Amino acid sequence: MTQLFTNRIDKYKCIQIKPLSKALKQREVPFSFNLEGQLLEITKTACNYGGWRYWFVCPSCQKRFTALYCKNERWMCRKCHGLLYRDQIEEKQPKYIQSFHNAIRVARKIDPQFNVYLIEFIQQYGNMFPMKPRGMHVQTYARLKFEYYQQIELMLNQMNALTISRYKHGQQLKQEVDSMHTKDN
Ligand SMILES: [Zn+2]
């Protein structure tokens, strides 16, 4: 089962080449430097219209990148880490997963530790919204709870729609196969 957002690029520490360009012009490139105990390399390529473009060399694939990311205490490019931009992740996901994440996001406004897997969430969603914390305004709590259940309802409808469309697709395939058999006979 997937943990929430584990490969989302904005969740990780990042080092960008752009803010370093000025300083890099003042020194000899390529060179290596130590970042949090890991040896990284900066290199340069010539621009078409003169001047240089500076790059990090990914220690894993050895390709040039303008940014490196730190995951599990290793600095590498986003591809080697398998990191995705938020819209890439959302594109890949069925809509109900997005609604699930939205619901979790709302619940985390009350309990930042709130985390649950999709399956247990679906099985017992009715009881999972966090209790009202002391000090939170009743109306704020009610509004969040409403938003949460709105997202869940949306999620369940989207799951339903998906099941129905899969079922229809299956029926259609079956008809096609059946009609092929009749033709064969
Ligand atoms: Zn790489």
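The expected span of a helix is 1.5 Å times one less than its number of residues. The exercises below apply to a predicted model.

**Exercise 1. Compare the length of helix H4 with its expected span, and determine how its buried residues are placed around the axis.**

Step 1. Helix H4 covers residues 95–108 and has 14 residues.

Step 2. From the first C-alpha to the last, H4 reaches 20 Å, close to the 20 Å expected at 1.5 Å a residue.

Step 3. The buried residues in H4 are Tyr 96, Ser 99, Phe 100, Ala 103, Val 106 and Ala 107. They lie on the same side of H4, because they cover an arc of only 120° around the axis.

Step 4. The spacing follows a general rule: an α-helix has 3.6 residues a turn, so residues three or four places apart point the same way.

**Exercise 2. Establish the order of the strands in the open four-stranded sheet and identify its edge strands.**

Step 1. Begin with the whole protein chain, whose secondary structure comes to six helices and seven strands. Along the sequence, the pattern is β-α-β-β-β-β-β-β-α-α-α-α-α.

Step 2. Four strands form an open sheet in the order S2-S3-S4-S5, with antiparallel pairing.

Step 3. Strand S2 (31–35) and strand S5 (64–65) each pair on one side only, which makes them the edge strands.

**Exercise 3. Describe how S4 is joined to S3 and to S5, giving the bridges and the turns.**

Step 1. Strand S3 (residues 38–46) runs antiparallel to S4, and six bridges join the two. Within this pair, Lys 44 stands opposite Tyr 54 in S4.

Step 2. The hairpin of S3 and S4 has five residues between the strands, and Gly 50 in the turn has a positive phi of about 90°.

Step 3. Strand S4 (residues 52–57) is joined to S5 by two bridges, again in an antiparallel arrangement. Here Val 57 stands opposite Arg 64 in S5.

Step 4. S4 and S5 also form a hairpin, with six residues between them; Gln 62 in the turn has a positive phi of about 65°.

**Exercise 4. Decide whether Trp 75 is buried or exposed, and list its contacts beyond four places in sequence.**

Step 1. Trp 75 belongs to strand S7 (residues 74–76).

Step 2. The cut-off for a buried residue is 20 or more other C-beta atoms within 10 Å. Trp 75 has 24 and is therefore buried.

Step 3. Not counting residues up to four places away in sequence, Trp 75 touches Leu 35, Gln 38, Leu 40, Pro 59, Leu 68 and Cys 70.

Step 4. Trp 75 and Ile 15 are 60 residues apart in sequence, yet their C-alpha atoms are 8.9 Å apart in space.

How values were computed
Residues are numbered from 1 along each chain as its sequence is written. This is a predicted model: local features need pLDDT of at least 70, side-chain atom pairs count only at pLDDT 80 or more; totals for chains, interfaces and linings use all residues. A residue is buried if 20 or more other C-beta atoms lie within 10 Å of its own, exposed if 12 or fewer, and partly exposed in between; C-beta atoms are placed from the backbone. The arc is that of the directions from the helix axis to the C-beta atoms. Two strands pair if DSSP finds at least two bridges between them. Two residues are in contact if their C-beta atoms, placed from the backbone, lie within 7 Å.
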